[in-house]
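Biologist: Could you take a close look at the inside of this protein for me? I would love to hear what sits there, charged and nonpolar side chains alike.

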Amino acid sequence: MTEATLFDYYRSSASYRVRIALNLKGIDYASVSVNLAEGAQKEAEYRAGNPQGFVPMLEIDGQRITQSLAIIDYLEATRPEPPLLPSDPADAAHVRALALTIACDIHPLNNLRVLKYLTGPLGQEEAARDAWYRHWVSEGFAALEAMAAARAGRFIFGDTPGLADVCLVPQMYNARRFNVPLEDFPLLVRIDAEASRLEAFAAAHPDRVAPGR
């Protein structure tokens, strides 16, 4: 039985995170595409439910929840198995810090609306836009590689996938789309490959969920 409805866009990394989390939790959901490239997120009907006009938005348990990490936090609280955070508070704080490095420091500088603003009102050429993108991703990945090194296992923390892996894999996908050099981040590359072999991650990949597939 379908438990939830996810309003998403196949290339949105924030939506990609939530798709992975839903898959890991074994939650059956219906997907409604909100085409960011065509501006569907700005339509009045969608903004009535999500005033920011962002994706993802999840309808579940009679709730309408926005912001990817808020959605995942709700899923963790209401459907705790399998856990995406360690039980130890210090370990959980470490995993959250890794996830937030991606979700709050890397991703917001490089999402679609920022890139459109660079090439639109600010008049930057595509080459400048791409240089901007690669700079902030590379700087963030350098920090993330160092932060994760001491406590990584099979995944970014230990040997089971968690919240930080849920955030990492979509960001790695976007990094490759914009040709970010990844040679200096062997740990992140290895973990991304390890996670992507799991069906919960693979089934959430944009190539698997793109409209018309």
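Modeller: Let's begin with Glu76, which has a relative accessible area of 16% and therefore counts as buried, the limit being under 20%. Please keep in mind that this is a predicted model. The side chain of Glu76 meets that of Lys25 in a salt bridge, with 2.5 Å from N to O. This pair ties together distant parts of the chain: Lys25 belongs to helix α1 and Glu76 to helix α3 (residues 68–78), with their positions 51 residues apart in the numbering. Lys25 is buried as well, at a relative accessible area of 10%.

Helix α1 takes part in another such link. Arg19, in helix α1 (residues 13–25), pairs with Asp8 of strand β1 (residues 4–8), and the two are 11 residues apart in the chain. Their closest N and O atoms lie 3.0 Å from each other. What is the relative accessible area of Arg19? Just 1%, so Arg19 is buried, and Asp8, at 3%, is buried too.

Further along the chain, Arg154 and Glu194 also form a salt bridge through their side chains, at 2.5 Å from N to O. Here a loop is joined to a helix: Arg154 sits in the loop between α6 (126–149) and α7, whereas Glu194 is part of helix α8 (residues 186–196), 40 residues away in the chain. Glu194 is buried, with a relative accessible area of 16%, but Arg154 is partly exposed at 36%. There is also a network of salt bridges that links Glu3, Asp61 and Arg79. The whole structure holds 11 salt bridges.

Now for the nonpolar side of the story. In soluble globular proteins, nonpolar side chains tend to be buried together. In this model, the largest nonpolar core has 53 residues, and the members that touch the most others are Phe141 and Ile156. The element that contributes most to this core is helix α7 (residues 163–177), which supplies nine residues. Which residues does Ile156 contact, once its neighbours within four places in sequence are set aside? They are Leu98, Leu144, Ala148, Arg151, Ala164, Asp165, Leu168, Leu188 and Ile191. Another core lies apart from this one; it has eight residues, including Phe7, Tyr9, Leu36 and Ala40.

Helix α7 deserves a moment of its own. Of its 15 residues, 13 are buried, so the rest of the structure largely encloses α7. From first C-alpha to last, α7 reaches 22 Å, close to the 21 Å expected at 1.5 Å a residue. After α7 comes Asn179, which has a positive phi, near 60°.

Since you work at the bench, you may also wonder about cysteines. How many disulfides does the structure have? The count is zero. For Cys104, the nearest cysteine sulfur is that of Cys167, at 8.8 Å. That is too far for a bond, because a disulfide needs two cysteine sulfur atoms within 2.5 Å. The surroundings of these two residues can be set side by side: Cys167 is buried, with a relative accessible area of 1%, while Cys104 is partly exposed at 47%.

Note on methods
Residues are numbered from 1 along each chain as its sequence is written. This is a predicted model: local features need pLDDT of at least 70, side-chain atom pairs count only at pLDDT 80 or more; totals for chains, interfaces and linings use all residues. Side-chain values use heavy atoms; hydrogens and water are left out. A nonpolar core is a set of buried Ala, Val, Leu, Ile, Met, Phe, Trp, Tyr and Cys residues joined through side-chain atoms within 4.5 Å. Buried means under 20% relative accessible area, exposed over 50%, partly exposed in between (1.4 Å probe, protein chains only). Helices (H or I, at least four residues) and strands (E, at least two) are DSSP runs, numbered from the N terminus. Contact means heavy atoms within 4.5 Å. The expected span of a helix is 1.5 Å times one less than its number of residues. A salt bridge is a side-chain nitrogen of Lys or Arg within 4 Å of a carboxyl oxygen of Asp or Glu.
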